[in-house]
Amino acid sequence: MNDSGSKGISYTAGFFMAICFTIAGTFLASMLSVSVWPLLTGQSMSTFSEDMRNPAFSGSAKIIQSIMALVGFLLPAFTTAYMLNRQPGRLMGFTPAQGTVKQLGLVIGIILLGLAVSGSLGYLSHELPLPKSWTSYFTGLETKYNEQVAGIIGLNSFSDYLFSLVVMAFLPALCEEALFRGVFQNFLSRSTKNPWLAIIVVSLIFSIVHLSGYGFLSRLFLGMVLGAIYHYTGRLWLAVLAHFINNAIALTVLYYYKTSGKDLAAAMNENEGNYWGLLAIPVIIILFGALKKARPDQPK
């Protein structure tokens with residue numbers, strides 16, 4: 001994440017430019033989706049919300065998801081980075097896939113333990129004594145989201161599962177990490193000179209935009225883990241890998257449910273868990289200490 005090739009625009013300005021480009025990108029992606037959806041399905045946009053939850057249109061829904069990720073997240077990220085630097089990929093942390101085997105092993109260990117913590121935080125969110133109005137609202141959000149995800153991923157065959165790994169696991173990991181870590185966190189960290197402030201603020205934004213009440217704490221924690229991986233390694237591909245592992249495991253569990261004859265939306269609505277995963281937090285902290293020391297360009 002060096003400054004070579006800078007065009008002289010401040011990172012503070014770049015942070016707010018990225019917000020504007022993301023809003024514009026999301027609008028453009030929505031307009032493209034409105035144009036493409038009737039061509040793909042022959043359906044009217046008046047039933048778009050219902051059709052997106054219909055497994056019969058899962059292939060078309062995956063294309064729409066790809067458009068939203070590429071145009072709404074990845075395009076604004078690279079556009080902003082290009083406005084600030086002649087080497088946008090390097091600025092964002094898309095350096096060659098160099099590093100150490102130790103780094104790779106530590107990142108995989110961190111994200112796997114992080115999944116245990118995330119599961120416990122999700123369980124905790126359901127157990128909190130929230131007002132009834134909040135509970136009703138959060139349940140509605142969760143049900144709608146789960147029905148949409150179940151309709152999009154389909155998972156009717158092994159080939160569908162492999163395709164879903166690309167569209168629903170890898171593509172979101174790549175596009176979201178490029179924007180949230182490679183641009184937002186990167187620029188905010190550089191402008192404030194406070195990496196952890198940037199990690200926390202961007203993780204809050206990351207969790208909020210997913211529009212999940214019960215999933216807020218889990219995604220906040222995931223965002224902080226991904227942000228710390230990016231901060232301590234300086235390599236965006238490691239954050240993308242960790243994010244992909246998280247998505248791929250969730251998708252694989254859903255594929256297992258589907259092949260077992262379970263309804264996906266109902267399976268995702270189940271609230272089974274415990275607090276044991278929280279015991280992994282100290283181990284994750286230790287692993288991050290080792291990850292910091294494992295950085296090849298880290299002064300010894």
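**Briefing: an all-helix predicted model**

Of the 300 residues in the protein, 46% are buried (under 20% relative accessible area, with a 1.4 Å probe and protein chains only). This is a predicted model, in which local features need pLDDT of at least 70, side-chain atom pairs count only at pLDDT 80 or more, and totals for chains, interfaces and linings use all residues. Residues are numbered from 1 along each chain as its sequence is written, and side-chain values use heavy atoms, with hydrogens and water left out.

Fold and dimensions

- The protein has 12 helices and zero strands, a helix being a DSSP run (H or I) of at least four residues and a strand a run (E) of at least two.
- The radius of gyration, taken over C-alpha atoms, is 20 Å, which agrees with the value near 19 Å for a compact globule of 300 residues; the globule rule is 2.2 Å times the number of residues to the power 0.38.
- Along the principal axes, the C-alpha atoms fill a box of roughly 55 × 45 × 40 Å.
- Among contacts (heavy atoms within 4.5 Å) with a separation of 6 or more, 79% join residues 24 or more positions apart.

Surface

- Carbon and sulfur atoms hold 68% of an accessible surface of about 14,400 Å², computed by the Shrake-Rupley method with a 1.4 Å probe.

Helix H9

- H9 covers residues 216–233, and its end C-alpha atoms lie 26 Å apart, in agreement with the 26 Å expected for 18 residues at 1.5 Å a residue (1.5 Å times one less than the number of residues).
- Of the 18 residues in H9, 14 are buried.
- Glycine 234, just after H9, has a positive phi of about 70°.

Definitions and conventions
Buried < 20%, exposed > 50% of the residue type's maximum accessible area, 1.4 Å probe, protein only.
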